[in-house]
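Welcome to a short set of exercises with worked solutions. Keep the viewer open and try each task before reading on.

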Amino acid sequence: MTISSNHTNLRDIWYTMTGIPGLEYAHIWISIPICFMYIVSVLGNTFLLFLIFTERSLHEPMYLFLSMLALADIFLSTVTTPKMLAIFWFQDGGISFGCCVSQMFFLHFIFVAESAILLAMAFDRYVAICHPLRYTTILTPSVIGKMGIASVIRSFFICFPLVFLVYRLAYCGRNIIHHSYCEHMGIARLACDSIKINIYYGVIVALFSTCLDVVLIIVSYALILCTVFRIPSQDARLKTLGTCGSHVCVILLFYTPAFFSFFAHRFGGHHIPLHVHILLANLYVVVPPTLNPIIYGVKTKKVQEKFVHVFSVSNKFC
């Protein structure tokens with residue numbers, strides 16, 4: 001198919017996503033755990049949202065931030081997984097340029113917003129441990145709402161330029177995307193123009209949004225550790241650190257594969273097999289959203305208690 005480089009014809013461009021190059025024979029088998037994790041992710045995070053909003057005792061800053069994380073996880077997996085499964089099951093890899101750019105925008109938008117939510121959760125733990133007497137006066141419902149809105153607005157202004165950056169490029173025939181979903185550099189690399197601006201903007205966004213979030217999270221936990229180690233009782237220290245356990249697990253689960261994917265895509269493309277990179281990228285959009293509600297369910301006593309309470313009440317009606 002010949003594609004005009006004229007920008008007015010971008011609406012006529014159709015891409016074909018191949019799924020995981022080199023593992024086409026295993027697409028059906030790969031789709032089984034991905035489909036299972038997607039269902040668990042949507043059900044688990046929806047139940048977590050239901051639990052937090054219906055139980056008044058969970059209307060605390062920590063759980064309100066957790067509800068934001070659960071909502072972001074539902075969106076993150078839903079933006080990518082249905083199309084991914086369509087490729088694996090029906091070889092339906094066709095997607096228009098407009099739909100591809102839309103998927104790209106929402107994927108990056110949700111990622112940046114979720115990073116901001118994790119930073120807000122780190123701030124919540126910092127205030128709870130380092131300034132416990134001022135916890136409820138600092139993190140009021142109004143402040144929490146403003147932090148949630150700020151994370152969305154910041155994410156929008158960071159990611160919206162990506163749309164213009166891919167629309168400004170000229171495309172002239174390459175229409176095969178060796179991936180299961182659309183992302184910024186994957187689209188840009190199909191262009192005939194220079195993509196230096198796209199690369200520079202991607203690096204700047206990573207440094208001044210996600211990397212900055214990580215640095216501030218590390219600073220928060222350094223201050224938390226300084227406070228904890230000043231507690232005389234060892235049991236009290238362990239109990240205090242235990243309140244951070246779930247958040248630390250979620251942070252590692254979120255950022256580790258994200259940074260691996262980012263650096264591999266830009267600097268390690270010739271050293272890491274493409275199918276390994278794509279497979280890890282596919283798992284990244286379903287594994288954290290699946291495990292996050294499980295981690296908080298296992299490690300957070302209040303969530304456990306309300307979970308048991310809800311099911312005991314439902315069993316009585318049955």
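## Exercise 1: A salt bridge across helices

Arg-154 and Asp-213 form a salt bridge, with 2.8 Å between the closest N and O atoms. Arg-154 sits in helix α5 and Asp-213 in helix α7 (residues 196-228), so this pair ties together parts that are 59 residues apart in sequence. This is a predicted model, in which local features need pLDDT of at least 70 and side-chain atom pairs count only at pLDDT 80 or more, while totals for chains, interfaces and linings use all residues. Residues are numbered from 1 along each chain as its sequence is written, and side-chain values use heavy atoms, with hydrogens and water left out.

Task: find how many salt bridges there are, and classify the residues of each by burial.

Solution.

Step 1. Start with the rule: a salt bridge is a side-chain nitrogen of Lys or Arg within 4 Å of a carboxyl oxygen of Asp or Glu. In general, side chains of opposite charge can pair when their charged atoms come close.

Step 2. Apply the rule, and the count comes to three salt bridges. Besides the pair above, Arg-125 meets Asp-124 at 2.9 Å, N to O, and Asp-92 pairs with Lys-83, where the closest N and O atoms are 3.8 Å apart.

Step 3. Bring in the burial classes: buried means under 20% relative accessible area, exposed over 50%, and partly exposed in between (1.4 Å probe, protein chains only).

Step 4. Sort the residues:
- Arg-154 is partly exposed at 25%, and Asp-213 is buried at 1%.
- Arg-125 is buried at 8%, and Asp-124 is buried at 2%.
- Asp-92 is partly exposed at 39%, and Lys-83 is buried at 17%.

## Exercise 2: The surroundings of Tyr-255

Task: say where Tyr-255 lies and which residues it touches, not counting residues up to four places away in sequence.

Solution.

Step 1. Tyr-255 belongs to helix α9 (residues 245-267). Helices (H or I, at least four residues) and strands (E, at least two) are DSSP runs, numbered from the N terminus.

Step 2. With a relative accessible area of 5%, Tyr-255 is buried.

Step 3. Contact means heavy atoms within 4.5 Å. With residues up to four places away left out, Tyr-255 touches Ser-115, Leu-118, Thr-210, Asp-213, Val-214 and Ile-217. Asp-213 is also the salt-bridge partner of Arg-154.

Step 4. Look at two of these neighbours. The side chains of Tyr-255 and Ser-115 are joined by a polar contact of 2.6 Å. A polar contact is a pair of N or O atoms within 3.5 Å; within protein, one must be able to donate a hydrogen and the other to accept it, and residues adjacent in sequence count only if both atoms are side-chain atoms. Thr-210 is 45 residues from Tyr-255 along the chain, yet their C-alpha atoms are separated by 8.8 Å.

## Exercise 3: Two neighbours in helix α5

Task: decide whether Ser-155 is buried or exposed, and do likewise for Phe-156.

Solution.

Step 1. Ser-155 is in helix α5, and so is Phe-156, with the helix covering residues 141-167.

Step 2. Ser-155 is buried at 0% relative accessible area. Leaving aside neighbours within four places in sequence, Ser-155 contacts His-108, Phe-109, Ile-110, Val-112 and Ala-113.

Step 3. Phe-156 counts as partly exposed at 33% relative accessibility. Phe-156 joins Ile-149, Ile-153, Phe-157, Phe-160 and Phe-164 in a nonpolar surface patch with about 620 Å² of accessible area together. Patches are made of residues with over 30% relative accessible area and no salt bridge: like charges are joined within 9 Å, nonpolar side chains (Val, Leu, Ile, Met, Phe, Trp, Tyr) within 5 Å. Accessible areas come from the Shrake-Rupley method with a 1.4 Å probe; for residues, only the protein chains shown count as cover.

## Exercise 4: An unusual phi

Task: find where Gln-91 lies, and give its phi.

Solution.

Step 1. Gln-91 lies in the loop between α2 (61-90) and β2 (94-96), and is exposed at 62% relative accessibility.

Step 2. Its phi is near 55°, a positive value in a residue other than glycine. Most residues other than glycine have a negative phi.
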